[in-house]
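Hi everyone, thanks for making time this morning. Let me put the model up on the screen, and then we can walk through it together.

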Amino acid sequence: MALLTQKDLRSLNESLEERTPREILDWAVSMFGGRLAILSAMQQAGSVVCHMASVAGHKLPVLFVDTGVHFPETLQTRDRIASEYGLEVITLSPEQSMEDQTRELGILYLSVDGQLKCCELRKSQPLLNAAGRYDGLLSSLRRSDGERRSNVPILALDQKMNSVRINLLANFEDQQMNEYIAREKVIVNPLHHQGYSTIGCSRCTTPVMPDEPKRAGRWRHLGPWAMYCGINPTDVRRPESEAIELPGDLVDRLLGRTVDFSI
Ligand code: SF4
């Protein structure tokens, strides 16, 4: 095993900046092989990643965290992605139902601290059930989404999952994505056509007005203090000093440290 730090990824990240999402996808498959999965919340950017993988013939598993309080449209989108794109969708669930959690802890999502706890229990913890299975996770964060994502790196470390997050759409502008969705007839969560620019749990997501920021509909009832759930590490922190431990040959491949045994 070998350590990989965010600093180690700097020049690799620079070299990926000019590549298209499809090229980054193919690169990730060549690097991570069977230890690669897609992480999708069944929003439109995640559907684009699933579509790209499907048409490229990359039969990657798709991890979907079902908090138990998603909109029916989100679950329908998940089922369509599985059946129409031929991808295995792995649904990860919290330990408790929302009813049991509320009975034990109260309505957490009605306070800022409670929201962090609720998202930890219903989003971050279920994802951790897949920790150790994947060295690479294809995510769909985009710089065009603004706020804390405006500088998201293409490759970022996920220390809790001990994997590399690959944000292959980091440079995909809104117009490029909309054109891709229209041209390729990508399966899109119907709520995007009903004023929801981003989509999370039904308890904490509302549509947004045309002149509002994209994430204004997330935890609107809590004001500007709650904007992210924490399932994406780059939304909450990005210390250069963080490190993960991966197989040595994978780290060598990622960093271009090939050994010529013929010498
Ligand atoms: S988005 Fe709301 S309901 Fe969903 S896990 Fe977070 S706080 Fe709980």
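Let's start at a loop: Asn162 sits between β6 and β7, where helices (H or I, at least four residues) and strands (E, at least two) are DSSP runs numbered from the N terminus. Before I go on, this is a predicted model, so to speak of a local feature we need pLDDT of at least 70, side-chain atom pairs count only at pLDDT 80 or more, and totals for chains, interfaces and linings use all residues. Residue numbers start from 1 along each chain as its sequence is written.

Back to Asn162: its phi is positive, about 50°, although it is not a glycine. Is Asn162 buried or exposed? Neither quite: it is partly exposed, because 16 other C-beta atoms lie within 10 Å. The cut-offs are 20 or more such atoms within 10 Å for buried, 12 or fewer for exposed, and partly exposed in between, with C-beta atoms placed from the backbone.

The turn that holds Asn162 belongs to a hairpin of β6 and β7, with 4 residues between the two strands. They run antiparallel and are joined by 4 bridges; for pairing, DSSP must find at least two bridges between two strands. Ala156 stands opposite Arg165 in β7. On the other side, β5 and β7 run parallel, again with 4 bridges, and here Leu138 faces Ile166 of β7. As for β7 itself, 5 of its 5 residues are buried, so the strand is largely enclosed by the rest of the structure.

Now zoom out to the sheet. It is open, with 6 strands in the order β4-β3-β2-β5-β7-β6 and mixed pairing. At the edges are β4 (89-92) and β6 (155-158), each pairing on one side only. On average, neighbouring strands are turned by 30° against each other, direction ignored. Those angles run from 0 to 180 degrees between N-to-C directions, with axes fitted to C-alpha atoms, for helices over the stretch in contact. Further along, β2 and β3 run parallel with 2 bridges, and Ile38 has Val62 in β3 as its bridge partner. Helix α2 lies across β2, β5 and β7 (163-167), at about 165° to β5.

Next stop, the loop between β2 and α3, which is where you find Met42. Met42 is another non-glycine residue with a positive phi, near 65°. It counts as buried because it has 28 C-beta neighbours inside 10 Å.

That brings us to α3, residues 44-56, with Gln44 in it. How far apart are the end C-alpha atoms of α3? They are 18 Å apart, which agrees with the 18 Å expected for 13 residues at 1.5 Å a residue, taking 1.5 Å times one less than the number of residues. Since 10 of the 13 residues are buried, α3 is largely enclosed by the rest of the structure. Its cover includes α2 (21-32), β5 (136-139) and α7 (174-184). Gln44 touches Ile181, Val188, Asn189 and His192, leaving out residues up to four places away in sequence; contact here means C-beta atoms, placed from the backbone, within 7 Å. Just after the helix, Gly57 has a positive phi of about 80°.

Last, the ligand. It is surrounded by 13 residues, the closest being Tyr109, Cys118, Cys119, Cys201 and Cys204, where near means a C-beta atom, placed from the backbone, within 6 Å.

Thanks, and I'm happy to go back to any part of this.

Definitions and conventions
Contact = placed C-beta atoms within 7 Å.
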